[in-house]
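I set out to look up the charged and aromatic side-chain contacts in one structure. My entries follow the order in which I looked.

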Amino acid sequence: MKSREHKVTTYNPREGIYMVKSPIWVSGTGNNVYTFRLNNKSCSCGKWQTYTLPCSHVLVVCRENGSRTDTYVPEIYSRQMYRITYQANFHPVLSENFWRDVPFNLTFYPLNMKKERGRKQGKRFQGEMDYRNPDSLPRCGRCRMPGHNRKNCNNPGLSNV
């Protein structure tokens, strides 16, 4: 579905180099330009290399060229490999009445579920405003002078607030 909205520009068809531009989506994302190299099987989005499955940029270029997309899918994802994988016989699991006894005991210990007292402390991300410059002295909340706090403020003429 995504590939239907992409626009393709051919740079070098002999070397298989294309530019694919994505549209602007409702969420505000998009309008990105990706370089796609067909011969190297690489796309600048990185999804083709990471997942080994063609990304939407591969699909739109194949549609423009008229080439088959299944030639770019690894053989391990083919129907034939799927059938080979699951051709073995699988047997259903029998009822517990037919299970054999094991020569060891499994012991399960309950987790310590004791509830802690008090209000749970919240976790938040620290921002740049949370860090003080180590060279600056703390300032008084009343007189704004450095070196002391509101409790120890002795400046005359200021009333205690």
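The entries below cover the salt bridge, then the aromatic pairs.

**Entry: model.** I note at the outset that this is a predicted model.

**Entry: salt bridge.** I looked up the salt bridges and found 1 in the structure. It joins Arg68 to Asp70, and I recorded 2.4 Å between the closest N and O atoms. I then checked how accessible the two partners are. Arg68 has a relative accessibility of 56% and is therefore exposed, the threshold being over 50%. Asp70, with a relative accessible area of 41%, is partly exposed.

**Entry: aromatic pairs.** How many aromatic pairs does the count come to? I obtained 5. One of them is formed by Phe36 and Trp48; I logged this pair as stacked, with 5.7 Å centre to centre and 20 degrees between the planes. The pair links distant parts of the chain, as Phe36 lies in strand 3 (residues 33-37) and Trp48 in helix 1 (residues 47-51), 12 residues apart. Are these two rings buried or exposed? Phe36 is buried at 0% relative accessibility, and Trp48 is buried at 4%.

I turned next to Tyr82 and Tyr86. Their ring centres lie 5.1 Å apart and their planes meet at 55 degrees, so I entered the pair as tilted. Tyr82 is exposed, with a relative accessible area of 55%, whereas Tyr86 is partly exposed at 49% relative accessibility.

**Entry: ring cluster.** Which residues do ring pairs link into a cluster? I listed Tyr18, Phe36, Trp48 and Tyr72.

Key. Residues numbered from 1 in each chain as written. Predicted model: local features only at pLDDT ≥ 70, side-chain atom pairs only at ≥ 80, totals over all residues. Heavy atoms only, no water. Salt bridge = Lys/Arg side-chain N within 4 Å of Asp/Glu carboxyl O. Buried < 20%, exposed > 50% of the residue type's maximum accessible area, 1.4 Å probe, protein only. Phe/Tyr/Trp six-rings, centres within 6.5 Å; stacked < 30°, edge-to-face > 60°. Helix = DSSP H or I, 4+ residues; strand = E, 2+ residues; numbered from the N terminus.
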